[in-house]
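Visitor: Got a minute? I'd like to go through this fold with you, strands first.

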Amino acid sequence: MADNPISQENTLGLQALFGGTFDPIHYGHLRPVQALAEQVGLQKVILLPNHVPPHRPQPEASPSQRLEMVKLAIENHPLFTIDTRELEKNTPSYTIETLKELRQEMGTTQPLAFIIGQDSLLSINTWHGWDEILDNCHLLVCSRPGYAAQFTDPNMQTWLSQHKTTSPELLNRTPHGYIFLGDTPLVNISATDIRQKLSAGDSCRDLIPEAVLHYIRQQGLYQ
């Protein structure tokens with residue numbers, strides 16, 4: 001049974017989902033999301049570890065190891081919680097399917113957002129069922145180093161302009177439909193870089209929470 005922090009009773013304030021393989025989870029995940037939470041008044045961020053990501057190579061760490069690393073990373077952060085439903089699937093984790101499932105559980109009035117990076121926003125029209133995403137949630141976008149601020153496709157740029165808002169208050173009082181471009185710290189590090197650094201013997205203490213680093217060493221991961 002999945003850990004399920006969302007229920008119809010839980011209808012206070014904007015909640016957001018943040019998915020990823022988290023292989024491993026690191027400060028490039030956590031710090032921009034914490035900054036975004038302050039900007040828009042997020043009450044809760046629900047981390048969604050992916051089991052089989054459709055658009056990228058398969059994770060090195062096992063699902064249970066990645067889940068344990070996420071748990072360790074957020075131990076003292078009340079903003080964060082975890083939903084394990086995608087980890088328990090043996091099929092690709094499509095965002096739209098998870099969003100529809102959650103929307104059905106939460107009802108139609110709960111404000112819900114999905115957090116993505118600027119790189120994901122610019123390729124969102126390649127996602128399965130992308131044109132239904134804003135029918136189920138808002139999009140909160142974290143800045144990413146080296147990525148353009150707008151679409152090259154004029155139709156997609158029109159779509160962005162039609163849905164864009166700078167109002168946290170609007171996000172908090174409507175259940176879905178808006179895109180908020182956050183002013184988040186640019187953390188130029190990826191899990192791929194971190195795995196390479198760990199493999200080369202770098203401590204990575206400035207990139208990964210200490211408890212996660214200890215677990216990585218204990219499990220002999222990324223060697």
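Visitor: Let's start with β1, residues 15–20. How many of its residues are buried?
Guide: Five of the six, so to speak of β1 as mostly covered is fair. Keep in mind that this is a predicted model.

Visitor: Noted. Which way does β1 run against β2?
Guide: Parallel. Six bridges join β1 to β2. F18 sits opposite L47 of β2. Between the two strands the chain passes through α1, and that β-α-β crossover is right-handed.

Visitor: And how many bridges join β1 to β4?
Guide: Three, again with parallel strands. β4 covers residues 112–117. The bridge partner of A16 in β4 is A113.

Visitor: What's the strand order in the sheet?
Guide: β3-β2-β1-β4-β5-β6. That is an open sheet of six strands, with parallel pairing.

Visitor: Which strands stand at the edges?
Guide: β3 and β6, the latter being residues 179–181. Each has a single partner strand, so one side of each lacks a neighbour in the sheet.

Visitor: How far are neighbouring strands turned against each other?
Guide: By 30° on average, ignoring direction.

Visitor: Back to β6. How many bridges join β5 to β6?
Guide: Three. β5 is residues 138–142, and the two strands run parallel. L139 has I179 as its bridge partner in β6.

Visitor: Switching to helices. Which residues of α2 are buried?
Guide: Q65, R66, L67, M69, V70, L72 and A73. The helix itself spans 63–73.

Visitor: What do those buried residues pack against?
Guide: Two helices and two strands are on the list: α1 (27–40), α8 (210–219), β2 (44–49) and β3 (80–82). Recall that β3 is an edge strand of the sheet.

Visitor: New topic: cysteines. How many disulfides does the structure hold?
Guide: Zero.

Visitor: Why is there no bond between C137 and C142?
Guide: Their sulfurs are 14 Å apart, too far for a bond. C142 holds the closest cysteine sulfur to that of C137. For a disulfide, the cut-off is 2.5 Å between sulfur atoms.

Visitor: Is C137 buried or exposed?
Guide: Buried, at a relative accessible area of 0%.

Visitor: And C204, buried or exposed?
Guide: C204 counts as buried too, with 0% relative accessibility.

Key:
Residues are numbered from 1 along each chain as its sequence is written. This is a predicted model: local features need pLDDT of at least 70, side-chain atom pairs count only at pLDDT 80 or more; totals for chains, interfaces and linings use all residues. Side-chain values use heavy atoms; hydrogens and water are left out. Buried means under 20% relative accessible area, exposed over 50%, partly exposed in between (1.4 Å probe, protein chains only). Helices (H or I, at least four residues) and strands (E, at least two) are DSSP runs, numbered from the N terminus. Contact means heavy atoms within 4.5 Å. Two strands pair if DSSP finds at least two bridges between them. A crossover is right-handed if, with the strands pointing away from the viewer, the path from the first strand over the helix to the second runs clockwise. Axes are lines fitted to C-alpha atoms, for helices over the stretch in contact, and angles run from 0 to 180 degrees between N-to-C directions.
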